[in-house]
Amino acid sequence: MILVTGGAGFIGSNFVLDWFAQSDETVINLDKLTYAGNLENLATLKNDPRHIFVRGDIGDAQLVGKLLAEHRPRAAVNFAAESHVDRSIHGPGDFIQTNIVGTFHLLEAVRAYWYGLADAEKSGFRFLHVSTDEVYGSLAKDEPAFSETRRYEPNSPYSASKAASDHLVRAYHHTYGLPVLTTNCSNNYGPYHFPEKLIPLMIVNALAGKSLPVYGDGQQIRDWLYVKDHCAAIRCVLTKGKPGEVYNIGGWNEKANLDIVHTVCALLDELCSRADGKSYREQIVFVTDRPGHDRRYAIDARKIERELGWKPLETFETGIRKTVKWYLENQDWVSSVQSGNYRQWVEKNYAGRA
Ligand code: NAD
Ligand code: DAU
């Protein structure tokens, strides 16, 4: 079996669901269920004995140690994190706590467990740490995409905390020999994406007749990867990756934010047109920029393709169409995540923007 942390969040829940579509190997899913964790994402696994859900904190080394001793997993995949840049600007404390201190305690518990394994299990064990392209900082327009050897230059409390966790993971390999793998991925999109992030926020706001807030001039560039391609890449790295190595994962889809919003509007115009016959584009509003906003990210994903044979299956066109359709067909899920807490966050992040 494997241990997955943060498996009730956006990428983690997609990973767990996809895992069982490929394999019957049990997953112990350790998740704190913060605002971003949602067991509704895993509703289809409710009575599935292959899925063992445990509510808890990766920073609780005693709990993690107990789970490892009891279930004896052959691998751990760490998705658990605070993940939203805007929230890290409003309140960095939770990011330091989970992404740095939490990862440290998780690593300590895993190290103690790993030391106690017999030789064969020890050499086969893997700790896969899921990280982000944001640790590399911001690219100028004509600079080459981030490769695995790019220097770290994180610019937000979120990316700085992820960078720190990457360094800890690296150090546990270098110092203790723990067989770690690190993946640095670009922006994901797809089902179960919490509507605080750009794409789901635009879909949800558009359908609710609300404004579509584009930060600054909307010309910031991100690389977009359909979440199921990311999950496949992680499975590939887990199976074939070389301990101690870093793999960048991306979709070869660099897009400006405003183009993303236009694409979402065009799909909604086609699939669920406005009652007044106008385009959803009419709802776009340019608002005050994110402080310290990184201008461009781009991933050079040639290493994982060359060494492990992974490349994305979805184009942006196919992936975004599936995503918009998923949101239209899952309005109950959308309503269930728009709690009082969510509304307070929206008020906090957007009310002060001109
Ligand atoms: P998310 O915010 O949707 O989910 C995070 C999950 O972790 C939630 O279920 C939450 O309850 C859980 N969690 C938070 N703190 C925890 C703790 N202390 N102990 C246990 N569980 C805890 O995040 P996501 O978008 O699914 O991202 C997953 C991972 O992938 C993160 O590490 C993130 O940095 C990384 N990543 C995300 C993207 C992206 O575009 N979303 C891209 C690259 C990398
Ligand atoms: O690059 C990988 C990262 O992608 C992950 O590590 C993060 O966990 C994930 O949240 C994501 O970070 P971003 O900051 O790029 O994602 P977000 O969806 O918040 O924003 C995408 C872009 O859209 C960014 O340039 C900011 C802009 N934006 C975002 C929101 C929420 C807007 O213009 N308006 C908005 O309301």
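Author: Let's start with a sorting rule: Ala, Val, Leu, Ile, Met, Phe, Trp, Tyr, Cys and Pro count as nonpolar, Asp, Glu, Lys and Arg as charged, and the others, Gly among them, as polar. Keep in mind, too, that this is a predicted model.

Reader: Okay, so how do the residues of the shell around ligand 2 divide into nonpolar, polar and charged?

Author: That shell has 10 nonpolar, seven polar and seven charged residues.

Reader: And which residues come nearest to ligand 2?

Author: To be counted as near, a residue needs a heavy atom within 4 Å of the molecule. For ligand 2, there are 24 residues around it, and Asp133, Tyr158, Arg290, His293 and Tyr350 come nearest.

Reader: What lies 2.6 Å from an oxygen atom of ligand 2?

Author: Here you look for pairs of N or O atoms within 3.5 Å. In this case, a polar side-chain atom of Tyr350 sits 2.6 Å from an oxygen atom of ligand 2. The side chain of Asn187 also has an N or O atom 2.7 Å from an oxygen atom of the ligand. Pro213 joins in through its backbone, with an N or O atom 2.8 Å from a nitrogen atom of ligand 2.

Reader: How much of ligand 2's accessible area does the protein cover?

Author: On its own, ligand 2 has 690 Å² of accessible area, and the protein covers 95% of that.

Reader: Which elements give two or more residues to the shell around ligand 2?

Author: They are α3 (85–90), α7 (198–207) and β8 (212–215). The largest share comes from β8, with three residues.

Reader: Let's do the other one. How many residues surround ligand 1, and which are the closest?

Author: Ligand 1 is surrounded by 28 residues, and the closest are Ile11, Asp31, Ser83, Tyr158 and Lys162. Using our sorting rule, the shell splits into 12 nonpolar, 12 polar and four charged residues.

Reader: Where do the backbone atoms of Lys32, Ile58 and Val130 lie relative to ligand 1?

Author: Take them one by one. For Lys32, a backbone N or O atom is 3.1 Å from a nitrogen atom of ligand 1. A polar backbone atom of Ile58 is 3.0 Å from a nitrogen atom of the ligand. With Val130, the distance is 3.5 Å, from a backbone N or O atom to an oxygen atom of ligand 1. As for cover, ligand 1 has 840 Å² of accessible area on its own, and the protein covers 96% of it.

Reader: Which element gives the most to the shell around ligand 1?

Author: That's β5, with three residues. The elements supplying at least two residues each are α1 (10–22), β5 (126–132), α6 (157–176) and β7 (187–189).

Notes:
Residues numbered from 1 in each chain as written. Chains lettered and ligands numbered in written order. Predicted model: local features only at pLDDT ≥ 70, side-chain atom pairs only at ≥ 80, totals over all residues. Heavy atoms only, no water. Polar contact = N/O pair within 3.5 Å; in protein donor to acceptor, adjacent residues only side chain to side chain. Areas by Shrake-Rupley, 256 points an atom, 1.4 Å probe, with all protein chains shown as cover. Helix = DSSP H or I, 4+ residues; strand = E, 2+ residues; numbered from the N terminus.
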